[in-house]
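With the sequence and the fold side by side, the paragraphs below move from sheet to sheet and then to the helices. Please keep the view open while reading, and follow each element as it is named.

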Amino acid sequence: MSNAIEIKYLNKFYGSKVALDDLYVTFPEGQITGLLGPNGAGKSTLFKAIIGLVKPQCGNILVFGQHPHWKLNAEIAYLPDRAKWYKAHTIKQALTYAFNVLPGFDLPRALELADQMQLELDDQVSTLSKGQEARLHIILCLARKVKLVLLDEPFSGIDLLSREQIIQSIIESMLDQPQTILISTHEIHEAEGLFDHVVFLNRGQLVLEGNTDILRQEKGSIESIYRGLFR
């Protein structure tokens, strides 16, 4: 199996704080990988390094065999933690705007996803609940025909039904258009069924990684593995 992303001996410091500490890890192509770890583990920093938003002090990153650069980002859909969209837009305007500015954005697919997630196209973004806004952000990523999708805490602070709708949309998206998807989340109980592969980080270092089916056979559920590693 080929790797979509190869991280080798990556170090990133913010002053005296260590975000990534000699990190060496790979992410398999065409699979959904859960990137798991406590707050401060380095997950968000790693996502930002993959798309070139932060520059490591040393180490190497290869994304589909290329170093991060702005042209490569046309093949990456990135949902940051605490993402925001333009509040003055309606949902339909937001999707149309995304079609005009985001490479590979499939507007008919986005409209289909909006219907599946029970979003009204004429609703103002400023009036959406947190769960509705989270669903809109997911649509903006999943409607893009790109090779790599990075989702940083897509389920954080939203209601159970919204989480279920987002998870179902991710599953259907992979069936329609196989991609490499990395998901950072603390909502492991709901999300672990998505994962083909998991990577556990702590203090910027790799703690454990592997195929989820093999890990479950050896150690139990992904949630129980997490508790055992970080309690």
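In this predicted model, three strands form an open sheet in the order β2-β1-β4, and their pairing is antiparallel. The edge strands are β2, residues 17-28, and β4, residues 58-63, each of which pairs on one side only. From one strand to the next, the twist of this sheet averages 15 degrees.

Strand β1, which covers residues 3-14, is joined to β2 in the antiparallel sense by eight bridges, and one residue that helps to fix the register is E6, whose bridge partner in β2 is T26. Where β1 turns into β2, the hairpin has two residues between the strands, and G15 takes a positive phi near 65 degrees there. Toward β4, strand β1 pairs in the antiparallel sense over five bridges; along this pairing I5 stands opposite V63, while K8 stands opposite N60. Helix α1 lies across β1, β2 and β4, and runs at about 115 degrees to β1.

The other sheet to follow has six strands, again in an open arrangement, with the order β5-β6-β7-β3-β8-β9 and with mixed pairing. Because β5 (76-79) and β9 (205-211) stand at the edges and have a single partner strand each, one side of each is left without a neighbour in the sheet. The twist here averages 15 degrees from one strand to the next.

Within this sheet, strand β3, residues 32-36, runs parallel to strand β8, residues 197-202, and four bridges join the two; L35 has V199 of β8 as its bridge partner. Helix α1, residues 43-50, which was met above lying across β1, β2 and β4, also packs on the six-stranded sheet, where it touches β3, β5, β6 (148-152), β7 (180-184) and β8, and its direction makes about 150 degrees with that of β6. Helix α5, residues 160-176, packs on this sheet too, touching β3, β6 and β7, and its direction makes about 165 degrees with that of β7.

The edge strand β5 deserves a look at its side chains. In a regular strand the side chains alternate between the two faces of the sheet. In β5, I76 and Y78 point one way, A77 and L79 point the other way, and all of them are buried. The pairing of β5 with β6 is in the parallel sense and extends over four bridges, and the partner of I76 in β6 is L148.

Which residues surround T180? This residue is found in strand β7, and it counts as buried because its relative accessible area is 2%, under the 20% cut-off. Leaving aside residues up to four places away in sequence, T180 touches A4, P28, E29, G30, Q31, F64, K147, L148 and V149. By contrast with these contacts, N11, which lies 169 residues from T180 along the chain, has its C-alpha atom 24 Å from that of T180.

The last part of the tour concerns helix packing around α2. Helix α2, residues 91-101, and helix α4, residues 130-142, have axes that come within 11 Å and cross at roughly 25 degrees, an angle that makes α2 roughly parallel to α4, since it falls under 35 degrees. The crossing of these two helices is right-handed. I91, A94, L95 and A98 of α2 make the contact with L136, I139 and L140 of α4, and by class the residues of this contact are seven nonpolar, no polar and no charged.

Helix α2 also packs with helix α3, residues 107-116, at an angle of about 155 degrees and with the axes 10 Å apart, so that α2 is roughly antiparallel to α3, the angle being over 145 degrees. Here too α2 passes its partner α3 in a right-handed crossing. From α2, residues L95, T96 and F99 meet L107, A110, L111 and A114 of α3, and this contact has six nonpolar residues, one polar residue and no charged residues. L95 of α2 thus appears in the contact with α4 and in the contact with α3.

Definitions and conventions:
Residues are numbered from 1 along each chain as its sequence is written. This is a predicted model: local features need pLDDT of at least 70, side-chain atom pairs count only at pLDDT 80 or more; totals for chains, interfaces and linings use all residues. Side-chain values use heavy atoms; hydrogens and water are left out. Two strands pair if DSSP finds at least two bridges between them. Axes are lines fitted to C-alpha atoms, for helices over the stretch in contact, and angles run from 0 to 180 degrees between N-to-C directions. Contact means heavy atoms within 4.5 Å. Buried means under 20% relative accessible area, exposed over 50%, partly exposed in between (1.4 Å probe, protein chains only). Angles under 35 degrees count as roughly parallel, over 145 as roughly antiparallel, 65 to 115 as roughly perpendicular and the rest as oblique. A crossing is left-handed if the near helix is turned anticlockwise from the far one by less than a right angle, and right-handed if clockwise. Ala, Val, Leu, Ile, Met, Phe, Trp, Tyr, Cys and Pro count as nonpolar, Asp, Glu, Lys and Arg as charged, and the others, Gly among them, as polar.
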